[in-house]
Amino acid sequence: MENLVLSFQVVLPLFLNIALGYFLRCIGLIEEATQKSMNRLCFRVFLPIYLFSSVYSTNLTAVFDPGLIAFAVGGVVAVFLIMMLLIPRIEADNAKRGVMVQAVFRSNFVLFGLPVVTSLCGEDHIGPTSLLIGFVVPVFNVLAVVCLEYFRGGKPDVRKMLRGIASNPLIIASVLGIAMNLLGVPLPAGVKKSVTDLGRVATPLSLVVLGAGFQFGSIRGSTRQLALCIPLKLVVVPLVMLTLGTLLGYRGDTLVPILAIFGAPIAVSSYTMAEQMDGDGTLAASLVVLTTAFSILTMFLFIFALKQLGLV
């Protein structure tokens, strides 16, 4: 019961912000044009600032486990490659293909996963997770841009895809955060506080914008895609990766981050990126909302099972 309450407490704030956005759209305070403008603002300003702040503040040198890093990054890349081969055989619409691939390999590691790890392991034992943020989040963003650019339409243009990757605000923020972190470049106190404060705007604002763009009627039109992606994302992928991690000897504060990376719901920014890169934003919004909802149950079941087996 304690684990169920924990999962609920983590997810509830996300849902309240989404519900607020939907409510504001229903009563006319957020119109379609406003929603699109706010979406661009999140993608180009607030989410990059939040990502930079998170990576820059992570103590990358305190805990360094190359095996865990290789497992996490390799797992993400492997899922990405499998989906890039599988999804085109199932879905014909390019706008949906990129969104579906992104939905399965990318997770809300920072906003959803980190609080779960902190609650389960305690603040004194989140070193491995903090280290992984600096490596996994940039990989998430790079691969998300790759798949969305690849399925953007027409014959793939490698140079255009590389330009899209290089100019993506989230990737620029990640690389800049890692570079300044490793080089020990200090930020003036006032600048650091401003970056931190602005970064905190990203999560609630992105969720409100997500809620404002969500249409319940869209679920009926995307039933097949949702029925495929949600079980893959929340059950199949985390089950496989946790099994592999357990066989490799990961336990406790090194196994919980694996659950957070692969078992968390789809990243909120995946909706923002899909909207900005000609993906099916309606499908992306539905996937974010529904995986967040169902993750309450799946995360509880995984945590309960790991505790019962004495692995965490």
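Begin with the cysteines: in this predicted model, the structure holds zero disulfides. A disulfide is a covalent bond between the sulfur atoms of two cysteines. Select cysteine 147, which is buried with a relative accessible area of 0%, and then cysteine 229, which is likewise buried, at 1%.

**The whole chain**

Next, colour the chain by secondary structure, and you will find 14 helices and zero strands, so that the pattern read along the sequence is α-α-α-α-α-α-α-α-α-α-α-α-α-α. If you switch to a surface view, the chain exposes about 13,700 Å², of which carbon and sulfur atoms supply 66%. Of the 312 residues of the chain, 54% count as buried. When contacts between residues at least 6 apart in sequence are considered, 86% of them join residues at least 24 apart.

**The largest cavity**

Now turn to the interior, where a search of the whole structure finds three cavities of 30 Å³ or more. The largest cavity holds about 260 Å³ of space, and among the 19 residues that line it, those closest to its centre are Arg106, Asn108, Val137, Ala267 and Ser269. Select these five residues together to place the centre of the cavity on your screen.

To see which helices surround this space, show helix H2 (32-57), helix H5 (109-121), helix H6 (127-150), helix H9 (189-213) and helix H13 (268-276), each of which supplies at least two residues of the lining of the largest cavity. Colouring that lining by residue class gives twelve nonpolar, six polar and one charged residues.

**Asparagine 108**

From the residues closest to the centre of the largest cavity, pick Asn108. Asparagine 108 lies in the loop between helix H4 (94-105) and H5. Is asparagine 108 buried or exposed? With a relative accessible area of 5%, asparagine 108 is buried, because buried means under 20%. Leaving aside neighbours within four places in sequence, asparagine 108 is in contact with Gly113 and with a run of residues made up of Ala264, Pro265, Ile266, Ala267 and Val268. One of these partners, Ala267, is also listed among the residues closest to the centre of the largest cavity.

**Along helix H13**

Move on to helix H13 and select threonine 272, which has its place there. Threonine 272 counts as buried, at 1% relative accessibility, and, not counting residues up to four places away in sequence, it touches Asn39, Phe43 and Leu47. Helix H2 spans 32-57, so you can show that helix alongside H13 while you inspect these contacts.

Further along, glutamine 276 is also found in helix H13, and at 18% relative accessibility glutamine 276 counts as buried, since the cut-off for that class is under 20%. Beyond residues up to four places away in sequence, glutamine 276 touches Asn39, Arg40, Phe43, Arg44 and Arg152. Draw a distance from glutamine 276 to phenylalanine 43, and the two C-alpha atoms are 7.9 Å apart in space, although the residues are 233 apart in sequence.

**The second largest pocket**

Keep glutamine 276 selected, and add the other residues that line the second largest pocket, namely Phe43, Arg44, Glu149, Arg152, Gly164, Ser167, Asn168, Pro169 and Met277. This pocket has a volume of about 160 Å³, and by class its lining has three nonpolar, four polar and three charged residues.

**Aspartate 278**

Then step to aspartate 278, whose place is in the loop between H13 and H14. Aspartate 278 counts as partly exposed, at 48% relative accessibility. Display its backbone, where phi is near 65 degrees, a positive value in a residue other than glycine. Most residues other than glycine have a negative phi.

**The end of the chain**

Finish at valine 312, which is found in the segment after helix H14 (281-308) and counts as partly exposed, at 34% relative accessibility. Which residues is valine 312 in contact with, once its neighbours within four places in sequence are left aside? They are Gly252, Leu255, Val256, Leu306 and Lys307. A last distance to draw runs from valine 312 to glycine 252, which are 60 residues apart in sequence and 4.1 Å apart in space, C-alpha to C-alpha.

Terms used:
Residues numbered from 1 in each chain as written. Predicted model: local features only at pLDDT ≥ 70, side-chain atom pairs only at ≥ 80, totals over all residues. Heavy atoms only, no water. 1 Å grid on protein atoms, 1.4 Å probe; cavity = no way out; pocket = protein on both sides within 12 Å on 5 of 7 lines; lining within 4 Å. Points joined across faces, edges and corners; volume = space filled by probe spheres on them. Nonpolar A, V, L, I, M, F, W, Y, C, P; charged D, E, K, R; others polar. Helix = DSSP H or I, 4+ residues; strand = E, 2+ residues; numbered from the N terminus. Buried < 20%, exposed > 50% of the residue type's maximum accessible area, 1.4 Å probe, protein only. Contact = heavy atoms within 4.5 Å. Areas by Shrake-Rupley, 256 points an atom, 1.4 Å probe, with all protein chains shown as cover. Disulfide = S-S within 2.5 Å.
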